[in-house]
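Visitor: I would like a close look at a single part of this model, and then an account of what surrounds it. Please take it in one go.

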Amino acid sequence: MGKKMFEFKTKTIVATGLGAALFTLMFMYVKVPTGIPETDIQTAYGIGAFFAALFGPIAGGLIAFIGHALSDSIQYGSAWWSWVIASGISCFIIGMVYPKMRVEDGEFGMKDIVRFNIYQIVANVIAWVIVAPVLDIVIYAEPVNLVFVQGVVAAVSNAVSAGVIGTILLVLYSKTRSKKGSLSKEL
Amino acid sequence: MKAKLFDYIDRDNFIYNLSGLTKLVCFICMTFSVMFSYDIRYILFVMALSVVFFRMSEIKFKQIKLMTIYVAIFLLMNFILTYIFSPQYGIEIYGTNHELFRISTRYTVTLEQLLYQVTKITKYASVVPMGMIFLLTTNPSEFAASLNRVGCNYKGAYALSLTLRYFPDMIRDYQDIALAQQSRGLDMSRKEKLGTRVKNVMNICVPLIFSTLDKIELISNAMDLRGFGKHKKRTWYAAKPVRKGDWAAMAFGALILAGSLFVTFFVNGSRFYNPF
């Protein structure tokens with residue numbers, strides 16, 4: 001069965017909805033402090049990357065976008081739009097790996113791990129070192145050096161989160177699925 | 001874990017009776033008008049308006065206490081960080097230099113820098129009451145309906161309404177799993193080393209994530225069986241009709257936005273307002 005990059009079936013919608021709820025929960029409650037203020041390692045990005053790899057770029061992008069906007073709104077009353085958009089973009093790009101993955105058929109070998117992590121690192125660099133700081137400057141007129149420092153820190157911590165947690169979850173998930181063609185017909 | 005999402009209590013007043021669509025449009029208009037302008041006079045005007053609306057909506061302070069504390073901490077952090085990283089940014093923006101006093105050669109205190117940072121704080125703070133009004137006075141199921149009506153694809157709107165529907169369930173599941181694991185001897189408190197604590201948190205998250213994946217399967221099958229997504233349009237049970245008051249409110253929101261653009265382009269000629 002071929003997988004289309006931008007399909008939007010019922011399962012994608014439900015995955016988006018529940019994934020975003022999970023993302024919001026993780027974003028608000030489950031974070032690992034790094035010691036630098038305003039920057040914790042967000043486990044939510046591991047979840048975002050995991051869902052993006054399983055359900056594609058649209059689900060991934062929307063999960064991170066809705067999840068980030070919602071948790072910001074609940075905690076601060078208003079979302080920090082430049083970072084919300086960057087979140088969406090990072091998981092959207094990670095989702096591009098989706099047509100090449102066969103995790104639901106129980107296949108997630110070394111090659112897939114490397115591929116997933118390359119996508120994930122590229123996505124985080126684009127989103128946090130380019131998109132987020134530029135939007136910060138355009139929308140909020142934040143000082144240039146501050147936003148780039150924040151962007152680099154965010155890129156590293158989110159790449160660590162997506163790489164470690166995302167990879168672990170994908171490996172675990174692939175083990176729960178039965179391999180394609182693992183049953184043979186007895187004649 | 002006590003924070004409740006959309007602590008929605010139905011009340012009967014002007015703000016509550018507006019449709020979700022109206023509130024969304026007004027929220028977007030006012031947010032953008034503040035986001036775009038860097039003129040402190042206009043921002044203060046919008047801020048005063050949003051405080052008036054906040055009073056009109058009769059939201060209790062108790063509902064927003066935690067939020068207010070978070071916002072205050074965030075604004076304070078941003079204020080300090082901005083000054084540490086670029087103490088001269090105000091001069092760069094406004095093009096003039098009025099020095100008050102000097103801490104070192106790099107860290108001088110200028111009127112421009114103060115104006116820039118105070119403007120920035122009011123900019124963020126003025127949107128917060130609007131966001132709170134929107135979050136606390138909109139019925140979550142109606143919200144999806146209003147998104148659909150402003151032109152968002154109904155499948156996307158439905159995904160959001162699923163998020164709002166399942167978020168409280170997920171918090172409950174998370175607590176249940178956490179308590180179950182703790183009763184089996186998993187230590188989540190500060191007594192444990194950081195590395196072990198991270199591992200323990202993973203032990204709670206993994207069952208949560210996998211049960212979510214099962215739920216996705218279940219719900220999407222149920223929706224498919226009921227023919228979800230067969231047609232181009234759908235109707236919403238929770239949608240409210242748009243009344244006269246809604247049109248008036250939306251027109252007012254648009255006026256605020258237009259005012260912001262007018263001040264930017266015709267009065268100041270740029271996004272920044274320099275009184276010096």
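What span should the 18 residues of helix α3 of chain B have, and how far apart are its end C-alpha atoms?

Guide: The model is a predicted one. Helix α3 of chain B covers residues 40-57, and at 1.5 Å a residue its 18 residues should span 26 Å. The end C-alpha atoms are 25 Å apart, which agrees with that expectation.

The burial of the helix comes next. Buried residues in α3(B) are B:Y42, B:I43, B:V46, B:M47, B:S50 and B:S57. They cover an arc of only 140 degrees around the axis, so they lie on the same side of α3(B). The face turned away from this buried side carries B:A48, B:V52 and B:R55, which are exposed. As for what lies over the buried residues, the cover includes four other helices of chain B: α1 (14-17), α2 (20-36), α6 (111-137) and α10 (244-268).

After α3(B) comes B:E58, a residue in the loop between α3 and α4 of chain B. Its phi is positive, near 60 degrees, although the residue is not glycine. In general, most residues other than glycine have a negative phi. B:E58 counts as partly exposed because 13 other C-beta atoms lie within 10 Å; the cut-off for exposed is 12 or fewer, and that for buried is 20 or more.

The helix belongs to a chain with ten helices and two strands. Along the sequence of chain B the order is α-α-α-α-α-β-β-α-α-α-α-α. The radius of gyration of chain B is 24 Å, well over the 19 Å that the globule rule gives for 276 residues, so chain B is more spread out than a compact globule. Its C-alpha atoms fill a box of roughly 65 × 60 × 35 Å along the principal axes. Of the 276 residues in chain B, 35% are buried. Taking contacts in chain B between residues at least 6 apart in sequence, 76% join residues at least 24 apart.

The two strands of chain B belong together. Strand β1 (residues 99-102) and strand β2 (residues 108-110) of chain B pair in the antiparallel sense, over three bridges. They form a hairpin, with five residues between β1(B) and β2(B). Within this pairing, B:E99 stands opposite B:T110 of β2(B).

Chain B also meets chain A: 46 residues of chain B are in contact with 36 residues of chain A. On the chain B side, α4 (61-85), α6, α8 (154-183) and α9 (194-225) each supply at least two residues. By class, the side of chain B that touches chain A has 35 nonpolar, eight polar and three charged residues. Helix α6 of chain B thus appears in two places in this account: among the elements that cover the buried residues of α3(B), and among those that supply residues to the side touching chain A.

Chain A itself has six helices and two strands, in the order α-β-β-α-α-α-α-α from the N terminus. The radius of gyration of chain A is 17 Å, close to the 16 Å of the globule rule for 187 residues, so chain A is as compact as a globular protein of that length. Of those 187 residues, 57% count as buried.

Technical notes: Residues numbered from 1 in each chain as written. Chains lettered and ligands numbered in written order. Predicted model: local features only at pLDDT ≥ 70, side-chain atom pairs only at ≥ 80, totals over all residues. Expected span 1.5 Å × (residues − 1). Arc of directions from axis to C-beta. Contact = placed C-beta atoms within 7 Å. Nonpolar A, V, L, I, M, F, W, Y, C, P; charged D, E, K, R; others polar. Rg over C-alpha atoms; globule rule 2.2 N^0.38 Å. Pairing = 2+ DSSP bridges.
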